[in-house]
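I opened this chain to note its loops, its helix packing and its enclosed spaces. Entries follow in the order I looked things up.

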Amino acid sequence: MAAAPLRVLACGDVEGRLEALFRRVRAIQGKSGHFDMLLCVGNFFGATSEAEWAEYRTGAKKAPIPTYVLGANDQETVTYFPDVSGCELAENITYLGRRGLYSGTSGLQIAYLSGTESQDEPAPDYSFSAKDVSELKTSLLSNPSFRGVDILLTSPWPRDVGTFANSAGDIDTKKCGSKLVSDLAASLKPRYHFAALEKAYYERLPYRNHTVLQETPQHVSRFIALADVGNTSKKKYLYAFSITPMSLMDPAELVKQPQDVTENPYQKSQKETQKTKARLCAEEEPACQFFFDLNKHQGKKRPSDGKETGNSQPKQAKKPPQPMGPCWFCLASPDVEKHLVVSIGTHCYLALAKGGLLPDHVLILPIGHYQSVVDLSSEVVEEVTKYKSALKEFFRSKGKRYVLFERNYRSQHLQLQVIPVPLDHCTPEDIKESFIAQAQEQQIELVEIPEHSDITQVVQPGTPYFYVELDTGEKLFHRIRGRFPLHFGRAVLASPALLALPQQADWRRCAAGRAAEEEAAQARAFRRDFQPFDFSLRD
């Protein structure tokens with residue numbers, strides 16, 4: 001028999017308004033039935049708390065439901081919390097403590113962190129430090145069976161919680177809140193995370209705790225920020241929900257992903273942590289741990305079977321397939337608009353885009369007929385990489401970064417679209433957020449794949465897909481299973497959040513009425529500027 005779920009209420013800043021809070025709790029229970037507990041985040045006490053609090057502290061009044069609160073967020077209210085390790089403040093009102101894990105008889109696991117972030121060590125009585133967060137993480141993550149916690153309670157919001165998500169209204173989630181809380185939430189993977197202090201209600205879309213296509217699915221997390229009790233704007237300050245402890249749930253049921261799930265908002269901070277660890281490991285490990293034995297023959301590949309293969313014959317280059325009909329992009333085809341070509345290598349060429357989003361919007365194209373990046377032979381891949389490097393250097397010299405995308409859907413010849421964006425206009429994170437946010441609006445699952453992985457590791461030849469790559473090496477991927485908007489990549493870049501050219505999202509509108517002479521002049525100008533970076537002129 002399945003365990004009955006617990007019924008829980010969560011509350012934002014009480015600020016000493018105990019009568020208003022408990023009156024509302026009684027009304028909810030009278031209408032909806034009994035709740036098992038009330039969890040309070042933010043400021044439980046305020047400047048005018050003493051008179052109301054005295055009635056509960058002396059036992060004249062009693063909270064109608066077991067109530068669990070976090071500690072002080074300022075010096076003025078520290079005196080209300082006599083024991084930093086947690087204690088009963090009044091009948092049915094318990095202070096959880098500065099940090100830790102509360103686990104009741106039901107099996108529900110509630111992690112908590114009291115106070116606001118401090119850079120000082122030791123932190124003041126109303127704050128937490130990096131050491132506090134580290135010790136809390138270590139105490140939980142040291143258990144090899146740890147999968148996450150049911151609930152996380154903090155007073156500050158986690159920094160960047162709005163990344164990839166629905167709008168938080170007037171709250172700027174890139175500046176608001178605590179980075180340490182973000183780090184804690186990323187590590188503890190709470191199913192529910194409650195916070196307050198901003199006098200705002202915000203229920204973020206649920207987010208993943210695993211990397212799609214790379215890791216085993218895990219449960220999702222939900223972040224809810226609550227407003228202050230009795231606020232005149234009628235913002236939500238009480239949140240009711242039912243929850244079955246993770247330890248009692250069927251694993252398949254636990255990891256079900258809702259349709260509106262987003263990417264993890266704390267990916268960037270997690271990546272920075274992972275890079276730091278990787279750098280430390282690289283300093284400690286000998287170079288021979290890698291596939292290339294750097295201690296012996298620099299750049300010489302070790303044979304996988306352990307035998308020398310010095311007399312082996314080189315592989316014959318794989319010939320590309322032939323097009324089924326006329327192709328606009330095979331360089332030998334009479335249909336190619338050769339006046340747009342700006343560079344020709346051995347296996348690839350560079351051409352201005354017909355009806356480009358910008359004058360320096362270019363395409364990297366294989367000379368032979370290949371449908372997608374996944375189909376390319378190794379020598380073509382090598383030259384594509386050289387063109388990417390040359391374009392990165394070229395655009396950076398002009399104060400720009402490029403965004404590259406490929407749509408392997410309703411196209412017969414590979415076209416890598418390369419569009420520059422001014423460096424001072426938006427960051428790589430802004431670009432990623434725009435792609436992911438607009439994908440979510442159209443029910444497109446766009447996921448991040450590891451920077452140093454190859455797209456051939458996640459998709460087989462012949463599979464339709466959409467793929468984005470930034471010049472930082474970051475990549476986003478969508479496996480197309482049905483219909484897909486043909487101008488999606490271009491429309492995202494043309495959107496107000498990035499280049500603000502929405503009227504140019506369709507290439508045909510940009511190409512209409514443009515004479516070949518005008519296009520040829522534009523190509524000559526690009527070819528002249530690109531010449532110092534063009535490896536094909538030197539090879």
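**Entry 1: A500.** I began with A500, which I found in the loop between α9 and α10. The model is predicted, so I read every value here as computed from a prediction. Phi of A500 is near 55°. That is a positive value in a residue other than glycine. Next I asked whether A500 is buried, exposed or partly exposed. Its relative accessible area is 41%. Buried would need under 20% and exposed over 50%, so A500 is partly exposed.

**Entry 2: K234.** I then looked up another positive phi. K234 has one of about 60°, and K234 is not a glycine. I located K234 in the loop between β13 (222-225) and β14 (238-243). Its relative accessibility is 75%. The cut-off for exposed is over 50%, so K234 counts as exposed.

**Entry 3: the E121 to P122 bond.** I checked omega here. The peptide bond from E121 to P122 is cis, with omega near -5°. P122 sits in the loop between β8 (116-117) and β9 (127-128).

**Entry 4: D471.** Is D471 buried or exposed? I noted its place before the answer: the loop between β21 (465-470) and β22 (475-479). Relative accessibility is 6%, under the 20% limit, so D471 counts as buried. I listed what D471 touches beyond four places in sequence: K392, R396, R401 and Y402. I also took the C-alpha to C-alpha distance from D471 to R396. They are 9.9 Å apart in space and 75 residues apart in sequence.

**Entry 5: P158.** I found P158 in the loop between β10 (151-154) and α4 (179-188). At 1% relative accessibility, P158 counts as buried. Which residues does P158 contact, leaving aside neighbours within four places in sequence? I got C176, S178, V181, S182, H193, F223 and Y266. I also checked K175. P158 and K175 are 17 residues apart in sequence, and their C-alpha atoms are 9.9 Å apart.

**Entry 6: α1 against α2.** Two packed helices are described by the angle and the distance between their axes. I looked up both for α1 (residues 18-32) and α2 (residues 50-57). The axes come within 9 Å and cross at roughly 55°. That angle makes α1 oblique to α2. From α1, the contact uses L18, E19 and F22. From α2, it uses E52, W53 and Y56. By class I noted four nonpolar, no polar and two charged residues in this contact.

**Entry 7: the second largest pocket.** I read a volume of about 920 Å³ for this pocket. It is lined by 35 residues, and the closest to its centre are W328, F329, Q415, Q417 and W507. Which helices and strands each supply at least two residues of the lining? The strands are β16 (348-352), β17 (362-366) and β18 (400-408). The helices are α9 (488-494) and α10 (507-511). A500, from Entry 1, is in the loop between those two helices. I sorted the lining by class: 18 nonpolar, nine polar and eight charged residues.

**Entry 8: cavities.** How many cavities of 30 Å³ or more are there? The count comes to two.

- The largest cavity holds about 110 Å³ of space. I noted 13 lining residues, with A72, F81, Y95, R98 and D125 nearest its centre. The lining divides into six nonpolar, four polar and three charged residues.
- The second largest cavity has a volume of about 30 Å³. Its lining is G42, N43, F44, F45, G71, A72, N73, T77 and F81. By class I have four nonpolar, five polar and no charged residues.

A72 and F81 appear in the lining of both cavities.

**Entry 9: the whole chain.** I closed with totals. The chain has eleven helices and 22 strands. Of its 539 residues, 49% are buried. I also checked contacts with a separation of 6 or more. Residues 24 or more positions apart account for 70% of them. The pair D471 and R396, from Entry 4, is 75 residues apart in sequence, and D471 touches R396.

Note on methods. Residues numbered from 1 in each chain as written. Predicted model: local features only at pLDDT ≥ 70, side-chain atom pairs only at ≥ 80, totals over all residues. Heavy atoms only, no water. 1 Å grid on protein atoms, 1.4 Å probe; cavity = no way out; pocket = protein on both sides within 12 Å on 5 of 7 lines; lining within 4 Å. Points joined across faces, edges and corners; volume = space filled by probe spheres on them. Helix = DSSP H or I, 4+ residues; strand = E, 2+ residues; numbered from the N terminus. Nonpolar A, V, L, I, M, F, W, Y, C, P; charged D, E, K, R; others polar. Axes fitted to C-alpha atoms, helices over the stretch in contact; angles between N-to-C directions. Parallel < 35°, antiparallel > 145°, perpendicular 65-115°, else oblique. Contact = heavy atoms within 4.5 Å. Buried < 20%, exposed > 50% of the residue type's maximum accessible area, 1.4 Å probe, protein only.
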